[in-house]
Amino acid sequence: MTQQLIYIISAFLLSALCGFVMMPIIMNFCKRKGLYDLPDSRKIHHNAIPRLGGLCFMPSMLLASLVVVVTSGSNFMTDKIAISPWTLSFVCSLLIIYGTGLVDDLVGLGAKTKFAAQILAAVLLPLSGLYINNLYGFCGLHEIPFSVGAPLTVFIIVFTCNAINLIDGIDGLSAGLSLFALTGFLVCFLREGMLVYSILIAALMGVLVPFLYYNIWGRVEKGHKVFMGDSGSLTLGYILGFLFVKFTMDNPNVAPFRLHSMMIAYTLLLVPVFDVVRVSLVRLRHGVPIFQADKNHIHHKLMRAGLTQHQSLIVLLALALAFTLCNLCLWCLCSFSVIIVSDIVLWIAFHLLVNRAIVNRGQQVFLPNIKKEAQHD
């Protein structure tokens with residue numbers, strides 16, 4: 001176990017080092033090429049900010065993981081995870097997602113094109129044999145056939161990509177929630193002895209540290225602030241969706257049956273997923289196009305309730321931790337279906353409290369009108 005921790009820490013530190021080296025280079029490149037995220041009526045920031053911070057996520061993760069695996073030599077020959085169709089499909093899909101986000105950051109892509117690329121990337125997983133095949137008692141369902149599990153897998157991957165992308169609205173939020181979820185997945189995969197996946201997760205966590213440093217504490221006037229862009233948010237969303245599917249798939253050849261796997265994976269992604277579902281339902285309720293951008297995400301509402309960006313970030317990270325602890329406690333007492341219902345009730349109650357705070361400050365709870373130039377997420 002000590003040796004495994006050394007590998008994990010090494011991947012984390014090496015990736016963080018890569019990030020600290022690459023981030024200033026990326027910011028200078030954005031300045032030379034004029035690649036900025038410009039402020040508009042929907043966005044929180046008021047200055048032009050370099051938008052390619054996520055460019056270094058995938059290279060840093062893969063480089064750090066490869067160095068650790070190669071330098072460890074034969075220690076990985078007995079690991080449960082070997083080069084498989086799953087691994088190849090993951091790498092190919094990751095390249096598609098990363099490339100799509102990067103092109104969008106550089107020249108812009110239409111929503112339909114990005115959506116099609118996400119579906120293509122997600123489809124490769126069930127085609128390689130990796131898909132959700134068990135719902136672990138949710139709504140009384142357990143084992144499900146490929147005809148149901150495959151489209152469900154594609155939906156979850158695409159949905160997670162967009163959930164992480166859409167919640168990227170204030171400093172540190174998307175990366176912070178992703179870091180929280182990755183920490184949970186790291187513990188889960190490490191406990192199952194899946195060392196290669198654990199190293200990949202640790203490496204991705206490492207590069208998020210320099211990004212968060214420049215994203216949260218970077219000084220705009222010194223040109224040290226950066227956003228992750230779609231190349232970062234889509235990459236994070238895809239990897240989290242992949243980890244969700246990988247951990248929840250019931251495969252006795254890799255790991256023993258784990259009744260808690262679906263509950264844990266769902267809980268780690270609860271805040272961004274619940275936020276997108278709520279925003280979509282609210283838009284439908286008010287007759288607003290579901291893909292029209294607005295300022296009704298949870299971080300927007302917290303700021304209308306009087307919190308600053310950093311205070312909103314802390315509240316939402318604390319909320320993710322509270323749901324995790326609550327669900328782990330409830331798991332000993334009730335079923336997965338009851339836990340989800342309880343989470344929904346608590347999520348609604350939280351929003352009602354935020355709505356009351358917004359009204360008390362004389363602000364609108366729902367903001368449907370966004371200027372035309374800002375109608376993109």
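Gln118 is found in helix α4, which covers residues 111-127. The model in which this residue is described is a predicted one. With a relative accessible area of 4%, Gln118 lies under the 20% limit and is therefore buried. The side chain of Gln118 is joined to that of Asn162 by a polar contact of 2.7 Å. Asn162 also appears among the residues that Gln118 touches beyond its neighbours within four places in sequence; the others are Ile97, Val158, Cys161 and Leu234.

**Backbone at Tyr136 and Cys139**

Two further residues merit attention for their backbone angles. Tyr136 is not a glycine, yet its phi is positive, at about 55°. Cys139, likewise not a glycine, has a positive phi of about 55°. Where do these residues sit in the secondary structure, Tyr136 and Cys139? Tyr136 belongs to strand β3, residues 134-138, whereas Cys139 lies in the loop between β3 and β4, the latter being residues 141-143.

Are their side chains buried or exposed, for Tyr136 and for Cys139? Tyr136 counts as buried because its relative accessibility of 4% is under 20%. Cys139 counts as exposed because its relative accessibility of 56% is over 50%. The table sets out the accessibility of the three residues discussed.

| Residue | Relative accessibility | Class |
|---|---|---|
| Gln118 | 4% | buried |
| Tyr136 | 4% | buried |
| Cys139 | 56% | exposed |

**The protein as a whole**

The secondary structure of the protein comprises 13 helices and 4 strands; helix α4 is the one that holds Gln118, and strand β3 the one that holds Tyr136. Along the principal axes, the C-alpha trace extends over about 60 × 50 × 35 Å. The radius of gyration is 20 Å, and a compact globule of 377 residues would have one near 21 Å, so the value for the protein agrees with that expectation.

Of the 377 residues, 54% count as buried. How much of the contact network links residues 24 or more positions apart? Among contacts with a separation of 6 or more, such pairs account for 75%.

The accessible surface of the protein amounts to about 16700 Å², and carbon and sulfur atoms contribute 69% of that area. As for charge, there are 25 positive and 17 negative side chains, and the centres of these two sets lie 6 Å apart.

Terms used. Residues numbered from 1 in each chain as written. Predicted model: local features only at pLDDT ≥ 70, side-chain atom pairs only at ≥ 80, totals over all residues. Heavy atoms only, no water. Helix = DSSP H or I, 4+ residues; strand = E, 2+ residues; numbered from the N terminus. Rg over C-alpha atoms; globule rule 2.2 N^0.38 Å. Buried < 20%, exposed > 50% of the residue type's maximum accessible area, 1.4 Å probe, protein only. Contact = heavy atoms within 4.5 Å. Areas by Shrake-Rupley, 256 points an atom, 1.4 Å probe, with all protein chains shown as cover. Lys, Arg positive; Asp, Glu negative; His and termini not counted. Charge placed at Lys NZ, Arg CZ, Asp CG, Glu CD. Polar contact = N/O pair within 3.5 Å; in protein donor to acceptor, adjacent residues only side chain to side chain.
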